[in-house]
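Me: I'd like to go through this fold and ask where some of the labels come from. Can you take me through the reasoning step by step?

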Amino acid sequence: MERGYNLIKKILLTFILLPFSFCYGGSQYDSLHTLLNKEKDKFNIPGLSLSILLPNQPSAITFSAGTIATENKTPINTHSLFQVGSVTKTFTAFLLAREINNKHIKLSDKLGKFFPEYQKWKNITIEQLINQTSGIYDYIRSPGWWQKVFAQEQWQSQELVNIAYKQVNDFSPGSAWRYSNTNYVLLGMILEKVTNQSLENLMKNLFATNNLKQTYYLVSPYPQNIMEKMAHGYWQEAEQRVDTTSINGSWLQSAGAIVATTNDLTYWQKYFYQSYIPFSLRNTINGKPVHSFNDIGYDFGSFRMNTPEGLIWFTPGLTTGYTTMIVYAPC
């Protein structure tokens with residue numbers, strides 16, 4: 001997983017630091033193709049895709065390298081699907097922001113209002129779930145978790161939350177910051193209660209509204225038509241590479257179950273960051289409100305970080321076999 005992050009970081013920094021003339025084609029396009037292929041080989045990645053949506057451009061530019069699988073030499077292309085992991089949190093966050101903006105829920109609403117059965121969490125607010133200051137244990141840190149993921153084909157949201165509920169909270173709500181997938185699984189459950197709709201239906205309607213024709217929220221075994229378009233993901237276990245493509249997103253639910261093309265994600269992030277999201281960033285070190293551009297902040301599924309080239313917003317995603325990142329550079 002760390003190797004995948006290093007690759008994304010290098011490609012991102014290379015793009016940001018290239019002269020702006022890159023954006024209009026020519027040799028700079030060729031240089032990025034060369035970089036992708038070089039890094040693919042260096043990190044021993046079967047295939048990868050990079051899509052960029054530039055200001056005032058009608059469509060994204062997509063670069064790809066490699067093949068859809070180690071044993072299948074079909075090249076990665078603009079229709080190749082990838083598990084996007086925690087990028088899903090931006091979709092969940094948008095649905096929450098919409099309910100907040102429509103005054104159907106409030107950031108100050110407490111978890112006990114929706115799920116009184118979780119007594120020790122009853123005073124945790126929706127805001128604390130969204131900005132990761134709840135202190136709720138992340139179920140993927142539970143003992144033997146990855147063995148369970150490989151063994152169990154399908155998970156329900158409540159199963160995942162119950163695993164976390166049996167564990168000790170990391171800290172008192174609002175007193176610190178720690179990333180927890182459990183927070184966003186709970187937020188998905190709250191959305192279903194508030195809207196009286198399944199999250200699958202909410203997501204499907206959101207995709208349709210934004211013309212995301214190659215984006216899917218999948219919390220059950222993948223159908224054949226999806227598997228045929230998937231770029232294969234692999235889990236490296238010692239010297240053995242295990243194909244994990246068929247491990248579906250039910251173990252992440254509203255925290256990470258989306259499958260999409262990189263092309264679709266560029267249009268999504270533009271829509272997301274240009275929508276009204278009531279951001280109130282929290283420092284990822286101490287959980288306090290962010291008052292400086294030099295602090296890394298988090299809220300509504302997104303990190304904000306200062307770089308030598310200006311502020312960027314980003315969301316990384318990891319699953320069993322896939323590494324993803326979306327980046328928005330407003331400057």
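Me: Why does Gln-253 count as buried or exposed, whichever it is?

Reply: Quick reminder that this is a predicted model. Gln-253 has a relative accessibility of 7%, and buried means under 20%, so Gln-253 counts as buried. You'll find Gln-253 in the loop between strand S6 (240-243) and strand S7 (258-260).

Me: What is the phi of Gln-253?

Reply: About 50 degrees, so positive, although Gln-253 is not a glycine. Most residues other than glycine have a negative phi. Asn-196 is another non-glycine with a positive phi, at about 60 degrees.

Me: Where is Asn-196, and is it buried or exposed?

Reply: Asn-196 has its place in the loop between H8 and helix H9 (199-209). Its relative accessibility is 73%; exposed means over 50%, so Asn-196 counts as exposed.

Me: And what makes Asn-169 partly exposed?

Reply: Asn-169 comes out at 24% relative accessibility. The label covers what lies between under 20% and over 50%, so Asn-169 counts as partly exposed. Asn-169 sits in the loop between H7 and H8. Leaving aside neighbours within four places in sequence, Asn-169 is in contact with Lys-120, Trp-121 and Gly-135. Its C-alpha atom is 5.1 Å from that of Ile-136, and those two are 33 residues apart along the chain.

Me: How do you know whether Asn-181 is buried or exposed?

Reply: Asn-181 has 4% relative accessibility. Set that against the cut-off of under 20%, and Asn-181 therefore counts as buried. Asn-181 is found in helix H8. Beyond four places in sequence, its contacts are Ser-86, Lys-89, Asp-138, Tyr-139, Ile-140, Leu-252 and Ala-255.

Me: Which residues touch the most other members of the largest nonpolar core?

Reply: Phe-91, Trp-121 and Leu-186, out of 66 residues in that core. There is also a second, separate core of 13 residues, with Phe-82, Leu-218, Ile-226 and Tyr-322 among them. As background, nonpolar side chains tend to be buried together in soluble globular proteins.

Me: What does Trp-121 touch, leaving aside neighbours within four places in sequence?

Reply: Trp-121 is in contact with Leu-111, Ile-136, Val-161, Ala-164, Tyr-165, Asn-169, Thr-182 and Leu-186.

Me: How many aromatic pairs are there, and why is the one between Trp-177 and Tyr-298 called edge-to-face?

Reply: The count comes to 29 aromatic pairs. For Trp-177 and Tyr-298, the centres are 5.7 Å apart, and rings pair if their centres lie within 6.5 Å. Their planes are 65 degrees apart; over 60 counts as edge-to-face, so the name follows. The pair links distant parts of the chain, 121 residues apart: Trp-177 is in the loop between helix H7 (157-165) and helix H8 (181-195), and Tyr-298 is in strand S9 (residues 297-299). Trp-177 and Tyr-298 are both buried.

Me: What makes the pair of Tyr-273 and Trp-313 tilted, then?

Reply: The planes of Tyr-273 and Trp-313 are 45 degrees apart, and the centres 5.8 Å. Under 30 degrees would be stacked and over 60 edge-to-face, so 45 degrees makes this pair tilted. This pair links distant parts of the chain too, with Tyr-273 in helix H11 (residues 262-273) and Trp-313 in strand S11 (residues 310-319), 40 residues apart. Tyr-273 has a relative accessible area of 12% and Trp-313 one of 13%; the cut-off is under 20%, so Tyr-273 and Trp-313 are buried. Ring pairs also link Tyr-273 and Trp-313 into a cluster whose members include Phe-91, Phe-94, Trp-268 and Phe-272.

Me: How do you know that Lys-120 lies over the face of Tyr-165?

Reply: Lys-120 is at 5.0 Å from the ring centre of Tyr-165, and the distance limit is within 6 Å. Lys-89 likewise lies over the face of Tyr-184, at 5.8 Å from the ring centre.

Me: At what angle do helix H3 (residues 88-101) and H11 pack?

Reply: H3 and H11 pack at about 35 degrees, with their axes 11 Å apart. H3 passes H11 in a left-handed crossing. Thr-90, Phe-91, Ala-93 and Phe-94 in H3 meet Leu-265, Trp-268, Tyr-271 and Phe-272 in H11.

How values were computed:
Residues numbered from 1 in each chain as written. Predicted model: local features only at pLDDT ≥ 70, side-chain atom pairs only at ≥ 80, totals over all residues. Heavy atoms only, no water. Core = buried A, V, L, I, M, F, W, Y, C linked by side-chain atoms within 4.5 Å. Buried < 20%, exposed > 50% of the residue type's maximum accessible area, 1.4 Å probe, protein only. Contact = heavy atoms within 4.5 Å. Phe/Tyr/Trp six-rings, centres within 6.5 Å; stacked < 30°, edge-to-face > 60°. Helix = DSSP H or I, 4+ residues; strand = E, 2+ residues; numbered from the N terminus. Lys NZ or Arg CZ within 6 Å of the ring centre and 35° of its normal. Axes fitted to C-alpha atoms, helices over the stretch in contact; angles between N-to-C directions. Left-handed = near helix turned anticlockwise from the far one by under 90°.
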